[in-house]
Every structure is written in structure tokens, then in C-alpha cells.
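Subject: Structure for your review

Dear colleague,

I am handing over the structure we spoke of, and I would be glad if you could look through it with the notes below at hand. Please open it first and then read on.

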Amino acid sequence: MSSLNSAGRPKAQHLRAQCSASKSRRRRSTANSSGGDGTPAANPAVRTASEPRGGGGTGRNAGAIKTGRHESLRKSSAALKENLQAKVRPAVPRLQICAESLRPLRCSERAAGAAAEEHSGREDSPSLTESRGKMIQRLTGRMIFLAFLVALVACNAPPVPLDDIVVEKTFTPEKCDRAVQPGDFVRYHYNGMFPDGKKFDSSYDRGTTYNVFVARGQLIAGMDKALVGMCVNERSLVKIPPELAYGKNGYGDIIPPDSILHFDVLMLDIWNPEDKVQMHTYYKPEKCGRTVEVSDYVRYHYNGTLLDGTLFDSSHTRMRTYDTYVGIGWLIAGMDQGLLGMCVGEKRIITMPPSLGYGEHGDGSDIPAQASLVFDVVLLDLHNPKDEITVEVLSLPDSCPRKSKEGDFMRYHYNGTLLDGTFFDSSYSRNRTYDTYIGKGYVIAGMDQGLLGVCVGEHRRITIPPHLAYGEEGTGTKIPGSAVLVFDVLIIDFHNPSDTVQITKEKPEQCGYTTKRGDFVKYHYNATLLDGTYIDSSHRYGKTYDVVLGAGQVIPGMEQGLMEMCVGEKRKLVVPPHLGYGERGVDGEVPGSAVLVFDIELFGIEEGLPEGYMFVWNEDVSPDLFKEMDKNKDLEVDPSEFSDYIQQQVNEGKGRLAPGFDPQRIIESMYHNQDRNKDGKITEEEFKLKAEEAAAHDEL
């Protein structure tokens, strides 16, 4: 079917003409039916039969017939509209935006009503009425079909010219910390298209953002206007009319004259030449004893992103902190400023404009030109090259009879952490103290200093700058380079190689005989380490500990401590390790290099023999001693004859064996000394008394 009517005009135009005619008639009818005082006439669509017609005439049924026909046309057009919307909308999505194209139905409705009104002034015969009914049906069908065509044409019609820009936001970020203002510098990506979707330009194709000041005449007027108010990461479809774009001249061969332009814009960055560094602290430790100052050396982790969140660098991915001086030009200016005032453990977001970052040229790889930078920083360490160690005393013992000095040997426990609390070592985890000389260079310089002047049992915290610890290199594994170290130290004991046994005495009122070398003594003891750790006690065995003094049966420090004691006396002995169990200690009982403390009480003394003697006579020696021993008179004394004779002398009180030793072993030793040729028997020639021997020979 042709799209032109009989007059040669497009049907859509024809329909608009009819509609205009109908409107003109209605205006005239309204004017004619208004009173002289300007009172409007009643609505002609609901006018009754008794009211005068707009064009004259007095037919009784004319108004009723017109009203009925008009109502029939209104219902038919409404039903058609519903049917078209139900069928066309699912099948042709584009018709959803063309609801206004259904207006021709209402125009057609008014045209049909006007045509019916023209015939209502004449008398109607039955045949004429039937003829008119058929005509109206044909007219209604044509109107409906024509309205459908108009709807299709309207949906595919060329774009209606714009009076101003249209901005359709296609994505809005949840947070908008900053929106574009006139005078701001922006970086954005865009696709430029004509309304039909044909692309004429794209920043994506060039692989770089479009960077420009807003509202300074550097952009077409429509884009200048559209960018104001946009947020970073916001995406908008901007429609710009020709008068706010390239106008009647267009742009060369790319943009024709009078072109409406569409730009799909993604905002990536916003800054202003007056911007400064912005700092936002989102975590701060409860204790902040020191903050970053100019010339401090810091260690920190960071994530570096562009303003739109694009990651360009991270120390975390390298698993190594960034270590540098602050405020002396080793960093970009914005970071130099942003780190000042931070505490160890603080987390801060530092945002800087490009003038304080990498400027107009970027870094040549990951950071584009004119880019704002955002650093999420956590400060782990800070110190100054002029720093010394700091000591914080956490607890002190009730008494401190002695403080450590240079050259002392010390045993201590420690926990070692970095300044941010990261653990790196502990003596507790090895279940063994750290034992060393102090002030002699056996430990790092800061620890050498920090351990001087401490008491046994003292708990202190020593903070050591890297130049007094492991320096720029660290240890390669647990301790990074240029790290400040924190040691929580508990002093277990210390001594000096020149120390002797410290003896505290508590004598009884009566003190007669005192112990000497060779005496056999009986005593009770309680043994602890210098920090009070229990080691052993004779009380748990239910008997005294019995030893011969000077016989090497106890550690040297105990022998010294037991000398010149009387029965009932109590003493406290502090024994340095070189007079105790030495560097090796006693496995599972006494640690190596441990100072020992003994609380002792003497319960008994048996006087010993003169030094060098294992047996002495209590009376004069018989001149026939050999013959008295030789019971079988074979001129030889065998071991049994010798042992029986000595035991008899002891039992009769004529002689005495050295106390504290096994009698039989002493007798065997005596016999071995008399058997000079080692043939297992003693002859009269071999037998001699002690007095007849050289001084070095242990004899009877």
C-alpha cells in the first residue's frame, strides 16, 4: 500500500492536517458558544440533545446521535490502543520509547467526531443512517490502520533536535568524595558517536585518556557543561546539540554540519591546581610515643593506586618494605609531606595531585601523565641516625644487692620484635636462656649497652636503632635491613669471672669445733637458681647430705661454704658457675653458666684424719706389727690377713680409718700400697710404716 494519500501528501501529514482542521473548528465552536462575558461553553463531547449545535440547526435527535457515535469511536480507539500496546511492546522494544506516537489515535478520534458532527445537522432517513454507519466503520478502520503506520514511522523517525545537552548517568559510584567543578583538571575516557551509533572518535583507540581543564574553553561548550558535577568512576551518556558542539560548520570530514553528538564518558581523575596533599588516618594505635619528623628514616608498606582505584604499585607484592629518609628529597613531594606526623602502626591514605606526584609526564610506565595518586600506607618503623637506645623498666625486684657491669657474664630471657610488634626471636621458644658476657662485643652494641646496670629479676624493654643493631643489611631472614629492634628482657642471673662464693652466716649461740679440710660433715640444703628457681633439696630425701671436706665430693663453691662451720650454724651461699657446675650445668637440672644459691644447715661433724692419711694409730704401734699380721707364719701377709688385722685395730679403738669413705676400699688401698712388687702378697722387706716412707707415699 502506498504511503501517499489521494492528494499526493504523506498520510502522516494528511492526518496532521485533518487534526488541525478539527482543532480549528473546535476553536470556532468554542468561541461561538461562549457567552458575551467570556464564560466558556460546555464540553461538546458531552453536550445533550436540547443544546444548540455549534453550526446551527434544531434537529431533536442530532445531539444524541452525535454523542453516541462519538462515544463509540472513543471506545474503539481506546481498545485499539490497548491491543497495540500489548502486542507491539514485547515484540518491538523500541516502541517502548515511542508512547507519544500513539497521539494520532486521539487526533483521528477528534477528526472522526468532527466528520460525524457535520452530518448531524441534517434529518436522517433510515437508509441514510445505515449508509452513514457503514461510512463511519470504513473511516474508523482506515484511521486505525493509519494510526499504526504513524506509530511505526514515529519510532524510526530522525532524532528531534535538542535545545540543550542531555546527560544520562549509566553508572554512579557508591561514594563520590569529589565532583568536577569549573576550573578542575580532569582525565577521562570517552567514545564519541552519532545518534545512529556510528563512532567518530575514541580515547580508548588512542590508548590514553583525554586530559583537560574544565570550563576554560578547551572543550566544546556542551562537553564543558556536561563534565561539571561528575564523580570519579562515574559513567554518563552525554547528548550534545549542534549549537553546543561543532555547529553548522561541523569538523572537517569527521563531523558533518548540524550534528548531534553522543559521548560515552568515564571519569577517571579530578584535581585542581590549588590542591594540596590530603591525609586520612583510618587507624591509629592507642600509644603513639613518637611521630615521623624531617630526616627520620622510615620503613613502610604501601599500595599505590590512581584516583579511580587502578593499582600501579605495591610493596606488599614485593614482600619488602619501602625504606627511606623523609623530608630530604628522597621521595616525591606529596609522600614526603604525607608521612610526617605518622606513628608506628598507623594506617593512612595519602592523596596527592600530580604536581606533588609524577607531574605532566608520569613515570613512563604505570603512572600516566597528570595523574592524581593515592597511597594506602602502614608505617612499620622509624628512627633517626642520631638515636640512642631507649630503656623502659617494666618491673624491679624487691631487693637489688648488685647491678651488672661491664665484663659480667649474664643469663637472660628475651622476646625480640620489630617496632611494629612483628615477632622475630625468643629465648623462651628454645626453653633456654641467652648466656653471654656483656660490654665485650659478644652481642649487638645496643644490647651491650642495654644490659648494663640491671638487677637480677629485673624486667626491662630495650629499643635499639638499626645502627646499633643489625644495620642496613639486617639478618637476611627474620630481621629486615634498617630495622629498629625491641627486646623485652628478663634478667635471670649474672656473675663475674672474678667472683668468689658469697657467704651469709647465721651462727648458733655456742659454736665450738669448726669444720676443716678432711672432716666428715652432715648437713641439709635447699638449692635454687639466682632467680629463685628450685633445683633440689636434701629434705626431700629424708636424710642429711654427708661429705668429706676437701675430698672433691661436692662442687668447689660448696666446699668453700662449708669450711669453718659449727654444728647448728646456717649459711646462705651464692656460688658463681665457675665454682658450681660451669658452662655445661647438669642436664635437666642445672642450666649451664648458672649462679647457684644454697641455704645450708650443719647437723654433724666427724673430725677427719691428717691430710694424706687414710688410717692412723690412736696409740703406740707394736714393734712386732708384721708378725702380728702374719697369722699362718709363712713370712707373708695376704690380703685377708691384712684386712682382718686393720679391722680389729679399729674395733678395739687402737686405730682409726678416715671417715666418710668405704672402710673396705681404704683397707684395699692400704694393702695395694704395701705390696710394692704387686705380686699379691707382702713380705717383711716390703712392709714399712708411713713415717718410714717418703712424704709423697700414702702408707700406714
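What follows is a description of the disulfides, the salt bridges, a surface patch and a hairpin.

Please keep in mind throughout that this is a predicted model.

Disulfides

The structure holds four disulfides, and I describe three of them here, taking each one with its place in the chain and its accessibility. Cys288 and Cys343 form one of them, with their sulfur atoms 1.5 Å apart. Cys288 sits in the loop between strand S7 (278–283) and strand S8 (297–306), while Cys343 sits in the loop between helix H8 and strand S11 (347–352), so this pair ties together parts that are 55 residues apart in sequence. The torsion about the S-S bond is about -80 degrees, which means that the disulfide of Cys288 and Cys343 is left-handed. Cys288 is partly exposed at a relative accessible area of 31%, whereas Cys343, at 1%, counts as buried.

Another disulfide joins Cys400 to Cys455, with an S to S distance of 1.9 Å. Here Cys400 belongs to the loop between strand S13 (390–395) and strand S14 (409–418), and Cys455 to the loop between helix H10 (445–450) and strand S17 (459–464), so that parts 55 residues apart in sequence are tied together by the pair. The link of Cys400 and Cys455 is left-handed, with -100 degrees about the S-S bond. With a relative accessibility of 32%, Cys400 counts as partly exposed, and Cys455, with 2%, counts as buried.

A further disulfide joins Cys511 to Cys566, and its S to S distance is 2.0 Å. Cys511 is found in the loop between strand S19 (502–506) and strand S20, and Cys566 in the loop between helix H11 (556–562) and strand S23 (570–575), so the parts that this pair ties together are 55 residues apart in sequence. The torsion about the S-S bond of Cys511 and Cys566 is about -125 degrees, and the disulfide is therefore left-handed. Cys511 counts as partly exposed at 32% relative accessibility, while Cys566 is buried, with a relative accessible area of 1%.

Salt bridges

A search of the whole structure finds 33 salt bridges, and a few of them are set out here. One of them links strands that also flank the loops of the Cys400 and Cys455 disulfide: Arg461 forms a salt bridge with Glu392, the closest N and O atoms being 3.6 Å apart. Because Arg461 lies in strand S17 and Glu392 in strand S13, the pair ties together parts that are 69 residues apart in sequence. Arg461 is partly exposed with a relative accessible area of 27%, and Glu392 is partly exposed at 37%.

The side chains of Asp313 and Arg318 also meet in a salt bridge, at 2.7 Å from N to O. Asp313 is partly exposed, its relative accessible area being 25%, and Arg318 counts as partly exposed at 43%.

Lys654 forms a salt bridge with Glu652, where the closest N and O atoms are 3.2 Å apart. Lys654 counts as partly exposed at 31% relative accessibility, and Glu652 counts as partly exposed at 43%. Elsewhere, Arg402, Lys405, Asp408 and Asp499 are joined into one network by salt bridges that share partners.

Surface patch

Val294, Ile328, Trp330 and Leu340 make a nonpolar surface patch of about 380 Å². Within this group, Trp330 lies in the loop between strand S10 (322–325) and helix H8 (333–338). Trp330 has a relative accessibility of 52% and counts as exposed, because the cut-off for that class is over 50%.

Hairpin

Strand S20 (residues 520–529) and strand S21 (residues 534–537) run antiparallel and are joined by three bridges. In this pairing, the bridge partner of Asn526 is Ser537, which belongs to S21. S20 and S21 form a hairpin with four residues between them, and Gly532 in the turn has a positive phi of about 95 degrees.

With best regards

Technical notes: Residues numbered from 1 in each chain as written. Predicted model: local features only at pLDDT ≥ 70, side-chain atom pairs only at ≥ 80, totals over all residues. Heavy atoms only, no water. Patch = residues over 30% accessible without salt bridge, like charges linked within 9 Å, V, L, I, M, F, W, Y side chains within 5 Å. Areas by Shrake-Rupley, 256 points an atom, 1.4 Å probe, with all protein chains shown as cover. Salt bridge = Lys/Arg side-chain N within 4 Å of Asp/Glu carboxyl O. Helix = DSSP H or I, 4+ residues; strand = E, 2+ residues; numbered from the N terminus. Buried < 20%, exposed > 50% of the residue type's maximum accessible area, 1.4 Å probe, protein only. Pairing = 2+ DSSP bridges. Disulfide = S-S within 2.5 Å.
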